[in-house]
Amino acid sequence: MAAVDVSDEATFHAAAAMLGLHPKAVQTTQEPSKPSAHASLSPRRAKTPSPSTSSGGLRQAGTPLEAPRPIPLLFPMGTELAVSRQWTQPPVATEPTPNRGPTPPHPYLPLFPPRSESAILRLLLSRVVHEGPIDVQRVLTAMAHGRHVAELPRLPVRTLRFGVQVLVDINEGTRLFARDQQQLLDRITAIAGAHACDVRYFAQNPLRSGRSAGWSWKPYTAPPSGTRVLIISDFGQNTVPRAEQAENRKVWQRAAALWHRADCLPVGLAPLSARQQPAWMRLLMPLLSWDRSTTASTAHARLR
């Protein structure tokens, strides 16, 4: 109260009551003294209070400054003046929070959208054959034009009976996706069946691969006719230097020619965006991005 220059006794008591305190004694406020220019030279000397300054009023003009009086302490109010309060918020917990250990990691999420992963993989692993129901529309069209129907045409359907071969690239550029590759292989085996799924590993060069460690790899031979070949690789975009890109391109061209001669249908799956995919690779085989942007409709359009 002395700092804000309040000398009214009623205001003093009202402010003390609002703070939940009760003053021991009421003291009027005086204007704080201002140090003179020579006060720092003799800090221990205090000026004698002027008799012209009243105890409750302001200092008279021309009177010397006097040292400020100590502000009286406020003491807690008695129980007879205590005001009951209703708190709207619950009290802060004082008990320590039990240690529940480290926060568990987030569950693993595949690179493909979880809801459409199975549909995408079925499109990538299957092959279209014309062995479905009879195409009635084509039969009626042929009869309307007076053409002889020597064989009943059938609608196209997808099948997995030809099997699938998965070539997994394990070079330095794809080590980051080792867990994703293993999860994808498990899903492929569950869809195509362990008996119809042949998994081979290679490092940048698909013409030398094997089913186990690198020392056992041998020159690559094409699978039986009709087999779907799924290549999981970055196709050298993350590891092959620019000076060796031409040789890398020739290797993949030889591998694609080998698959086409054997009537195998290759499809590439790369952890690259559409802009990062090499244009020459899209001319050799259908190439899909291995990320959340790929959907079942996108895969169906690429495989046409």
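Okay, let's start on the outside, with a nonpolar patch on the surface. Five residues form it: Ile 134, Val 136, Leu 140, Met 143 and Leu 152. Together they put about 480 Å² of accessible area on show. Keep in mind as we go that this is a predicted model.

Take Ile 134 from that patch. Where does Ile 134 sit in the chain? You'll find Ile 134 in the loop between strand 3, which is 127-129, and helix 3, which is 136-144. Its relative accessible area is 36%, so Ile 134 counts as partly exposed.

Now let's zoom out for a second. The protein chain has seven helices and 11 strands. There are 304 residues in the chain, and 33% of them count as buried. The chain exposes about 20500 Å², with carbon and sulfur atoms supplying 57% of that. And if you look at contacts between residues at least 6 apart in sequence, 66% of those join residues at least 24 apart.

Right, let's go inside. In soluble globular proteins, nonpolar side chains tend to be buried together. Here, the largest nonpolar core has 25 residues. Which residues have the most contacts inside that core? They are Leu 124, Val 166, Leu 184, Ile 188, Leu 230 and Leu 269. As for the elements that give two or more residues to this core, on the helix side we have helix 2 (117-125) and helix 4 (178-192). On the strand side, we have strand 5 (164-169), strand 6 (197-202), strand 9 (228-232) and strand 10 (265-270). There's also a second, separate core of 19 residues, and Phe 202, Cys 264, Trp 280 and Met 285 are among its members.

Let me pick out Val 166 from the largest core. Leaving aside residues up to four places away in sequence, Val 166 touches Leu 185, Ile 188, Leu 230 and Ile 232, and also Cys 197, Asp 198, Val 199 and Arg 200.

Hang on to Asp 198 and Arg 200 from that list, because we're moving to salt bridges, and these two form one, with their closest N and O atoms 3.2 Å apart. Asp 198 is buried, at 18% relative accessible area, and Arg 200 is buried too, at 16%. Asp 198 also meets the side chain of Arg 211 in a salt bridge, at 3.0 Å from N to O. This pair links distant parts of the chain: Asp 198 is in strand 6, while Arg 211 is 13 residues away, in the loop between strand 7 (208-209) and strand 8 (218-219). Is Arg 211 buried or exposed? Exposed, with a relative accessible area of 54%. Put the three together, and Asp 198, Arg 200 and Arg 211 are linked in a network of salt bridges.

The count of salt bridges comes to five, and I'll show you one more. Arg 187 pairs with Glu 117, and their closest N and O atoms are 3.9 Å apart. That bridge links helix 4, home of Arg 187, to helix 2, home of Glu 117, across 70 residues of sequence. Glu 117 is buried, with a relative accessible area of 6%, whereas Arg 187 is partly exposed, at 26%.

Notes. Residues are numbered from 1 along each chain as its sequence is written. This is a predicted model: local features need pLDDT of at least 70, side-chain atom pairs count only at pLDDT 80 or more; totals for chains, interfaces and linings use all residues. Side-chain values use heavy atoms; hydrogens and water are left out. A nonpolar core is a set of buried Ala, Val, Leu, Ile, Met, Phe, Trp, Tyr and Cys residues joined through side-chain atoms within 4.5 Å. Buried means under 20% relative accessible area, exposed over 50%, partly exposed in between (1.4 Å probe, protein chains only). Helices (H or I, at least four residues) and strands (E, at least two) are DSSP runs, numbered from the N terminus. Contact means heavy atoms within 4.5 Å. Patches are made of residues with over 30% relative accessible area and no salt bridge: like charges are joined within 9 Å, nonpolar side chains (Val, Leu, Ile, Met, Phe, Trp, Tyr) within 5 Å. Accessible areas come from the Shrake-Rupley method with a 1.4 Å probe; for residues, only the protein chains shown count as cover. A salt bridge is a side-chain nitrogen of Lys or Arg within 4 Å of a carboxyl oxygen of Asp or Glu.
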